[in-house]
Amino acid sequence: MTSEISITVSQQDAASRTLAVSVPVERVKAVEAETTRWYGRQARIPGFRKGKVPEQIVRKRFGEAIRQAVLEDLVRETWKKAVEEQHLKPVADPQVRNLKFEDGAPLTFEMRVDVKPE
């Protein structure tokens, strides 16, 4: 993948880490397109055969659900990558804070996670 998610440790102490995350626009758009296609295949909208609904109509009808699904997918993907890259031993799910998710801009957020003390 050329559009790499960047994860940096912004704070750390014995029992927690705070990670600053930035997901490039290209990656956000790719996941959004994939999710929109999925909704298009599942949608049953009067006047269209299943799986043949135009993308604009899918986006108009399911825009908020698509946005939420994209956000959840990217946070989940980032969390898996962070655990591997940072060799984290989490004791709970992360808390996501300072989320910025705007069209045409990278997705950025902080992830705070409690870890086993070393």
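This passage describes the sheet, the nonpolar core, the aromatic pairs and selected residues of a predicted model.

The sheet is open and consists of 4 strands in the order β1-β2-β4-β3, with antiparallel pairing. Strands β1 (6-13) and β3 occupy the edges; each has a single partner strand, so one side of each remains without a neighbour in the sheet. On average, neighbouring strands are turned by 20° against each other, direction ignored. Between β1 and β2, the antiparallel pairing extends over 7 bridges, and Val9 has Leu19 in β2 as its bridge partner. Helix α2 packs on this sheet and touches β1, β2, β3 and β4, its direction making about 50° with that of β4.

In soluble globular proteins, nonpolar side chains tend to be buried together. In the present model, the largest nonpolar core comprises 26 residues, and those with the most contacts inside it are Val23, Val28, Val70, Leu74 and Leu107. Two or more residues are contributed by each of β2 (16-23), α1 (25-42), α2 (55-85) and β4 (107-114). The largest share, 8 residues, is supplied by α2. When residues up to four places away in sequence are not counted, Val28 touches Val23, Val70, Leu74, Phe101 and Leu107. Phe101 also has Arg67 lying over its face, at 4.2 Å from the ring centre.

The segment before β1 contains Ile5, which is buried at a relative accessible area of 6%. Although Ile5 and Val23 are 18 residues apart in sequence, their C-alpha atoms are 4.7 Å apart in space. With residues up to four places away in sequence excluded, the contacts of Ile5 are Val21, Ser22, Val23, Pro24, Glu77, Thr78 and Lys81. Lys81 is located in helix α2 and, with a relative accessibility of 17%, counts as buried because this value falls under 20%. Leaving aside neighbours within four places in sequence, Lys81 is in contact with Glu4, Ile5 and Ile7.

A pair of aromatic rings is described by the distance of the centres and the angle of the planes. The count of aromatic pairs comes to 2. For Trp38 and Tyr39, the ring centres are 5.2 Å apart and the planes lie at 85°, so the pair is edge-to-face. For Tyr39 and Phe62, the corresponding values are 5.4 Å and 35°, so this pair is tilted. Tyr39 belongs to helix α1 and Phe62 to helix α2, so the latter pair ties together parts that are 23 residues apart in sequence. Ring pairs thus link Trp38, Tyr39 and Phe62 into a cluster. Within this cluster, Tyr39 is buried, with a relative accessible area of 17%, whereas Trp38 is partly exposed at 43% and Phe62 is partly exposed at 24%.

Backbone conformation was also examined. Most residues other than glycine have a negative phi. His87, by contrast, has a positive phi near 50°. This residue is placed in the loop between α2 and β3 (95-100) and counts as exposed, at 63% relative accessibility. A positive phi of about 50° is likewise found for Asn98, which is not a glycine. Asn98 is situated in strand β3.

Note on methods. Residues numbered from 1 in each chain as written. Predicted model: local features only at pLDDT ≥ 70, side-chain atom pairs only at ≥ 80, totals over all residues. Heavy atoms only, no water. Core = buried A, V, L, I, M, F, W, Y, C linked by side-chain atoms within 4.5 Å. Buried < 20%, exposed > 50% of the residue type's maximum accessible area, 1.4 Å probe, protein only. Contact = heavy atoms within 4.5 Å. Pairing = 2+ DSSP bridges. Axes fitted to C-alpha atoms, helices over the stretch in contact; angles between N-to-C directions. Phe/Tyr/Trp six-rings, centres within 6.5 Å; stacked < 30°, edge-to-face > 60°. Lys NZ or Arg CZ within 6 Å of the ring centre and 35° of its normal.
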